[in-house]
Amino acid sequence: MTTAAPTGSSSRDLPHPASEEIRLESVLHALSDPMRLQVVRELAADGDELSCSHFDLPVTKSTTTHHFRVLRESGVIRQIYRGTAKMNGLRKDDLDALFPGLLGSVLAGAARQADRLGDG
């Protein structure tokens, strides 16, 4: 399910699915968790890469690492090292090409829910 690291890449390169390997059920699973959805909402709102340390999730570091791995392995985010920071970016173009309207609908629904429940 993961793509091979390019020639000359370091051992710090993280495996990601190629866009043609991204599956709808994996994306939906990744987006179904409130913590992972919060990460995706923050990445979408920022529109740029954010470091893992930017996110203040109310879970342990190991659980946070798990959530980022699920998002990366499902194809929702891309993670790369920049120096010592692990940077995260939303794979919006890939997701929009594969599943038109899905990400926008999920983000809009999450925003409406947050407003309704006062969690925004």
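Student: Is R82 buried, partly exposed or exposed, and what is its relative accessible area?
Tutor: Keep in mind that we're looking at a predicted model. Buried would need a value under 20% and exposed one over 50%. R82 falls between those cut-offs, so it counts as partly exposed, with a relative accessible area of 47%.

Student: Which residue does R82 meet in a salt bridge?
Tutor: R82 sits in strand 2, which covers residues 77–82. Its partner is in the loop between helix 2 and strand 1, so the pair ties together parts 33 residues apart in sequence. That partner is partly exposed, with a relative accessible area of 27%. The side chains come to 3.0 Å, N to O, and the residue is E49.

Student: What separates K92 and D96 along helix 4, in helical turns?
Tutor: These two side chains meet in a salt bridge at 2.5 Å, N to O. K92 counts as partly exposed at 44% relative accessibility, and D96 does too, at 25%. An α-helix has 3.6 residues a turn, so residues three or four places apart point the same way. K92 and D96 are 4 residues apart in helix 4, which means a separation of about one helical turn.

Student: Which residue forms a salt bridge with D94?
Tutor: The closest N and O atoms of this pair are 2.8 Å apart. D94 counts as partly exposed at 23% relative accessibility. Its partner is buried, with a relative accessible area of 5%. That partner is R91.

Student: How many salt bridges does the structure hold?
Tutor: We've talked through some of them, including R82 with E49 and K92 with D96. D94 with R91 is another one. For the whole structure, the count is 4.

Student: What kind of aromatic pair do F55 and F68 form?
Tutor: The structure holds 1 aromatic pair, and this is it. The ring centres are 5.4 Å apart, with 65 degrees between the planes. Planes over 60 degrees apart fall in one class, so this pair is edge-to-face.

Student: Where in the chain do F55 and F68 lie?
Tutor: Both rings belong to buried residues: F55 has 7% relative accessibility and F68 has 3%. The pair links distant parts of the chain, 13 residues apart. F55 is in the loop between strand 1 (50–51) and helix 3, and F68 is in helix 3.

Student: Why are the buried residues of helix 1 on the same side, and what arc do they cover?
Tutor: Helix 1 spans residues 24–31, and its buried residues are V27, A30 and L31. They're on the same side of helix 1 because their arc around the axis is only 95 degrees.

Student: Which helices do the buried residues of helix 1 pack against?
Tutor: The residues in question are V27, A30 and L31. There are 5 helices in the chain. Those doing the packing are helix 2 (34–46), helix 3 (61–74), helix 4 (92–98) and helix 5 (102–117).

Student: What pattern does the chain follow along the sequence?
Tutor: The chain has 5 helices and 3 strands to place. Read along the sequence, they come out as α-α-β-α-β-β-α-α.

Student: What radius of gyration does the chain have?
Tutor: A compact globule of 120 residues would come out near 14 Å. Among contacts with a separation of 6 or more, 61% join residues 24 or more positions apart. The chain's own radius agrees with the globule figure: 14 Å.

Key. Residues are numbered from 1 along each chain as its sequence is written. This is a predicted model: local features need pLDDT of at least 70, side-chain atom pairs count only at pLDDT 80 or more; totals for chains, interfaces and linings use all residues. Side-chain values use heavy atoms; hydrogens and water are left out. Buried means under 20% relative accessible area, exposed over 50%, partly exposed in between (1.4 Å probe, protein chains only). Helices (H or I, at least four residues) and strands (E, at least two) are DSSP runs, numbered from the N terminus. The arc is that of the directions from the helix axis to the C-beta atoms. Contact means heavy atoms within 4.5 Å. Rings of Phe, Tyr and Trp (its six-membered ring) pair if their centres lie within 6.5 Å; planes under 30 degrees apart count as stacked, over 60 as edge-to-face and the rest as tilted. The radius of gyration is taken over C-alpha atoms; the globule rule is 2.2 Å times the number of residues to the power 0.38.
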